[in-house]
Amino acid sequence: MAEKVLMKGNEAIAEAAIRSGCRHYLGYPITPQTEIAAYMAKRMPKINGVFLQAESEISAINMVYGVAATGKRVMTSSSSPGISLKQEGISYIAGSDVPALIVNVQRGGPGLGGIQPSQSDYFQATKGGGHGDYHLIVLTPASVQEMADLTSHAFDLADKYRMPVMLLADGTIGQMMEPVELPEEKTSTVEKPWALTGTKMQREHNIINSLYLNTELLEKTNFERFERYKQIEENEVMYESFMMEDAEICVVSFGITARVSKNAIIEARRQGIKVGLIRPITVWPFPKQPILEAADKVKAFISVEMSMGQMLEDIKLACECKKPVHLCNRVGGMIPSPEQVLAKIVEVEGGKN
Amino acid sequence: MKTEILLAGFGGQGLLFAGKFIAYKGLVEGKNLSWLPSYGPEMRGGTANCSVILSDDPVGSPIVANPDVLVAMNLPSLDKFEKDVVPGGMIFVDSSLIERKVVRDDVKAFYIPATRLANEIGAPTLANMIITGKLIKEAGAVSYDNLDDALHKVVSAKHQNLFDLNKKAIECGYNYAD
């Protein structure tokens, strides 16, 4: 086993990306994710990589599109307002079927919002974000270890399905330090015959493009893309189940709030309340099946999130409204406390509201 | 066992660094841990604090609302966080910078003139490590053994003189009796 080191979540993303063969980082600084750029600025020049601070987020994401078209592993990172700026480019990347990693270390919104942690970009991340019919695979780390592991996994998924993958973190996980065992060095093992690598006069031109003026062809590419999405929904769902065996209440929470919820669940169990947690690790594809199965066993769900109830809608869809879904939230950069979550669990257990 | 520590003071006093050292000490001892800085529009001279949790079990929430141990290196920090310490907890006060005493009588207070001591031992920027030395002695969250292992993780080998000074400061605080 490799030695564990202490790292900030943001630094773990950067180091894991480098170890995954990413040699192109294009970004623009914004709190609370700037450590990613700072780390890349220091390391990339030493390993023949490219660190480039673009003149804007829009410029950075279009550079990512360009690198992605060559089949090289590439990433950008930003925080909520910056991710909004990148949406046009992300839609183009999705529409061109090229792989890339986009990291969103979320902060409070809407607008310029604040710089404290948030999960209120859930809709934007899971429902498309930019224009047109498309999805990102969205991974939600809850520890510094997962910041590293899921970054590594994200590059593989992006290559495998030829699509943009988002790491949806938040300011807390980005800023905190925990022991982390860094992933092994690796490179892409996926053949990329579609990539723009120069024909050397030995093959036909490859074309990377998201423009289809032929409507039938555009419809066909959309249908084909959604066939791929169906495979992803079948094969790539990730979640953690915690104390669910005999649970009568199911908390659903991801990222930092899942950790807060675990504290509350352990305390509630001490008080004799049968409560468990389903922690989505992928929020697209959403872990519908385990939630639907839980719906037959529990009397209620509680969505613990740092938004006004965005994931709550996915829980309702997943459990087919078989059981009530309650909301326990803080927003605007505030984080729910274990006591707040415990109080909600006790309230739901008591059957009020 | 689980210990939640909050270190608070002015930016530039090295509270984040002290927290990182304690975290590494925990790592070397095989503990689970988290280190979380306050981050905001802060700068040198502004307020800065960080939370460190050391635990035998995996750490859930990394946020410390009610610390077992508070280190206060300026008056605003003591004013702000004194009430949050758990009953029976500990408060470490830099008594060269904070004139008032801890008001609560259900916590243990330790007064260390860390800034003055730091000047006396020729390490004026290391009051943070002096108070950390006292914390190691009294709080029992991490041990005093093998300081070098943890210190090497936070002070690079290139700066041997800084390494020695940090160690001297920790020892000074550890051996200080009020």
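This is a short talk on one strand, one interface and one tyrosine in a two-chain model.

Hi everyone, and thanks for coming. Before anything else, please keep in mind that what you see is a predicted model. Its scores are ipTM 0.93 and pTM 0.95. For chain B, the average pLDDT is 94, and 97% of the residues score at least 70. As a general reminder, where pLDDT is low, the predicted coordinates should not be read in detail.

Let's start in chain A, with strand β5, residues 100–106. How many of its residues are buried? The count is 7 of 7, so the strand is mostly covered, taking a residue as buried when 20 or more other C-beta atoms lie within 10 Å of its own. In a regular strand the side chains alternate between the two faces of the sheet. Looking along β5(A), you can see A:Ala100, A:Ile102, A:Asn104 and A:Gln106 pointing one way. A:Leu101, A:Val103 and A:Val105 point the other way, and the residues of both sets are all buried.

Which strands pair with β5(A)? One is β4 of chain A, residues 74–78, which pairs with β5(A) in the parallel sense over 4 bridges. If you'd like a residue to click on, A:Thr76 has A:Ile102 in β5(A) as its bridge partner. Another is β7 of chain A, residues 164–170, which runs parallel to β5(A) and is joined to it by 7 bridges. There, A:Leu101 has A:Val165 as its bridge partner in β7(A).

Now over to where the two chains meet. The contact takes 17 residues from chain A and 15 residues from chain B. On the chain B side, the elements giving two or more residues are α1 (15–28) and β2 (32–37). Of the elements there, β2(B) gives the most, with 5 residues. And what is the class make-up of that side of chain B? There are 11 nonpolar and 4 polar residues, with no charged ones.

Last stop, a single residue: B:Tyr176, in the segment after α6 (160–175) of chain B. Is B:Tyr176 buried or exposed? Somewhere in between: B:Tyr176 has 18 other C-beta atoms within 10 Å, and because a residue needs 20 or more to be buried and 12 or fewer to be exposed, it is partly exposed. Leaving aside neighbours within four places in sequence, B:Tyr176 is in contact with B:Ile112, B:Leu117 and B:Lys134. You can also look across to B:Ile131, 45 residues apart from B:Tyr176 along the chain, where the C-alpha atoms of the two are separated by 9.5 Å.

That's my tour, so over to you for questions!

Key
Residues numbered from 1 in each chain as written. Chains lettered and ligands numbered in written order. Predicted model: local features only at pLDDT ≥ 70, side-chain atom pairs only at ≥ 80, totals over all residues. Contact = placed C-beta atoms within 7 Å. Nonpolar A, V, L, I, M, F, W, Y, C, P; charged D, E, K, R; others polar. Pairing = 2+ DSSP bridges. pLDDT = per-residue confidence, 0-100.
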